[in-house]
Amino acid sequence: MSDILKKILVTKVAEVVAAKTKTPLTEIMAAAKSTTPARNFFAAIQNKITAGQSAVIAEIKQASPSKGVLRGPESAHAPHLSFNPAEIATTYEKHGAACLSILTDRQYFMGDSEYLQQARAACQLPVLRKDFILEEYQIAEARAMGADCILLIVAAFTMDNDFGAEKLDNFDPNALEQMSKLEALAHELGMSILVEVHNAKELSLALQLKTPLVGINNRNLRTFETHLDTTLQLLEQIPNDRVIVTESGIHTPRDVALMRQHNVNAFLVGEAFMRADDPGVELARLFSSSN
Ligand SMILES: O=C(O)c1ccccc1NCC(=O)[C@H](O)[C@H](O)COP(=O)(O)O
């Protein structure tokens, strides 16, 4: 596992331990079950693809470990670009996004659960809680804050169980068993699951889950470089009944065209939109020739 992922997961473990002392699992689960019903994330992607369009999962992230602060007052390069999740969600919806992806991790991405709530309230789009999920508590938390989809990063479950911190409740060294349990809870709460892989080994585990949404992340978490070849190389190993989402490093209409030539029709895009004056206008520009 890459050092950055390991570092993030150590932080996550501590955060979950702290969250549980504030709000016990039974309470957060009750909130998850009584909140507004989930919007259908997977169907929103399928509908775009069936209509012959690109399905864009448009990301709202203020910062990232690889690129620093992308916009807002703390950004060195773009302090003039406001970071207003509700406004960004509105322009994404207006310009044809299928869904939103919203970073809720504070420490590494300057995210917040409130950003997810503000963005979701401002539009009708289904929302992915983009965070580093390791256990059931975080899934209940995600639904309770309004999320319609969760991310399961296979690399987070195939580590050597060396958190260097308090262990998670119910941590299971068996990655597949652990992910299946989380997937079952997310489904029970009416949510979709995006399972994310970086290589063939992770893909073989992902394909044993029920979710049809398979994300291939083009970012190498050791070097932070993005290579679209990562998606192209794994494509052939993915059966037709899965929907492939290419993630990270999509910056130009040529990148989009390359993916569509290979029948990859779903995209998760963050940085390219976040650096633009109007993220929705940039979405329309990037995807106009492919829609
Ligand atoms: O973006 C990072 O630096 C990063 C570092 C460590 C773990 C995950 C990271 N990114 C999360 C993502 O997957 C991206 O935000 C998402 O795929 C969008 O990528 P991009 O369009 O390149 O911003």
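The paragraphs below lead through a predicted model, beginning with its barrel of strands and ending with a few single residues in loops. Residues are numbered from 1 along each chain as its sequence is written. Because the model is predicted, local features need pLDDT of at least 70 and side-chain atom pairs count only at pLDDT 80 or more, while totals for chains, interfaces and linings use all residues.

Eight strands close into a barrel in the order β1-β4-β5-β6-β7-β8-β9-β10, and the pairing is parallel. Helices (H or I, at least four residues) and strands (E, at least two) are DSSP runs, numbered from the N terminus, and two strands pair if DSSP finds at least two bridges between them. In general, strands of a sheet pair through backbone hydrogen bonds, either parallel or antiparallel. From one strand of this barrel to the next the twist averages 25°, where axes are lines fitted to C-alpha atoms, for helices over the stretch in contact, and angles run from 0 to 180 degrees between N-to-C directions.

Strand β1 (residues 55-60) is a good place to enter the barrel. Four bridges join β1 to β10, the two running parallel, and the bridge partner of A55 in β10 is A266. Four bridges also join β1 to strand β4 (residues 99-103), again in parallel, with I60 standing opposite I102 of β4. Six of the six residues of β1 are buried, so this strand is largely enclosed by the rest of the structure; a residue is buried if 20 or more other C-beta atoms lie within 10 Å of its own, exposed if 12 or fewer, and partly exposed in between, with C-beta atoms placed from the backbone. In a regular strand the side chains alternate between the two faces of the sheet. Both faces of β1 are covered, since A55, I57 and E59 on one side and V56, A58 and I60 on the other are all buried.

Further along the barrel, strand β5 (residues 127-130) and strand β6 (residues 149-153) run parallel and are joined by two bridges, one residue of β5, L128, having C149 of β6 as its bridge partner. The next pair, β6 and β7, is parallel over five bridges, and here L151 has L194 of β7 as its bridge partner. Strand β7 in turn pairs in the parallel sense with strand β8 (residues 213-217) over four bridges, where the bridge partner of V197 is I216. Like β1, β7 is mostly covered, with six of its six residues buried: S192, L194 and E196 lie on one side and I193, V195 and V197 on the other.

Helices accompany these strands. Helix α7 (residues 175-188) lies across β6 and β7 (192-197), running at about 175° to β6. Elsewhere, the axes of helix α2 (residues 25-34) and helix α6 (residues 136-144) come within 7 Å and cross at roughly 40°. In their contact (C-beta atoms, placed from the backbone, within 7 Å), L25, I28, M29, A31 and A32 of α2 meet Y137, A140, E141, R143 and A144 of α6. By class, this contact of α2 with α6 has eight nonpolar, no polar and two charged residues, where Ala, Val, Leu, Ile, Met, Phe, Trp, Tyr, Cys and Pro count as nonpolar, Asp, Glu, Lys and Arg as charged, and the others, Gly among them, as polar.

The model also holds a ligand, which 20 residues surround, the closest being S64, S66, S248, G270 and E271; a residue is near a molecule if its C-beta atom, placed from the backbone, lies within 6 Å of it. The elements that give two or more residues to this shell are β10 (266-269) and α11 (271-274). By class, the shell has eight nonpolar, seven polar and five charged residues.

Some loop residues complete the picture. T158, in the loop between β6 and α7, is partly exposed, with 16 other C-beta atoms within 10 Å. T158 touches A175 and E202, not counting residues up to four places away in sequence, and T158 and K201, 43 residues apart in sequence, are 9.8 Å apart in space, C-alpha to C-alpha.

Most residues other than glycine have a negative phi. F224, in the loop between β8 and α9 (229-234), has a positive phi of about 70° although it is not a glycine. N263, in the loop between α10 (253-261) and β10, has a positive phi near 65° and is likewise a residue other than glycine. F224 is partly exposed, with 14 other C-beta atoms within 10 Å, whereas N263 counts as exposed, with 10 C-beta neighbours inside 10 Å.

How values were computed
Two residues are in contact if their C-beta atoms, placed from the backbone, lie within 7 Å.
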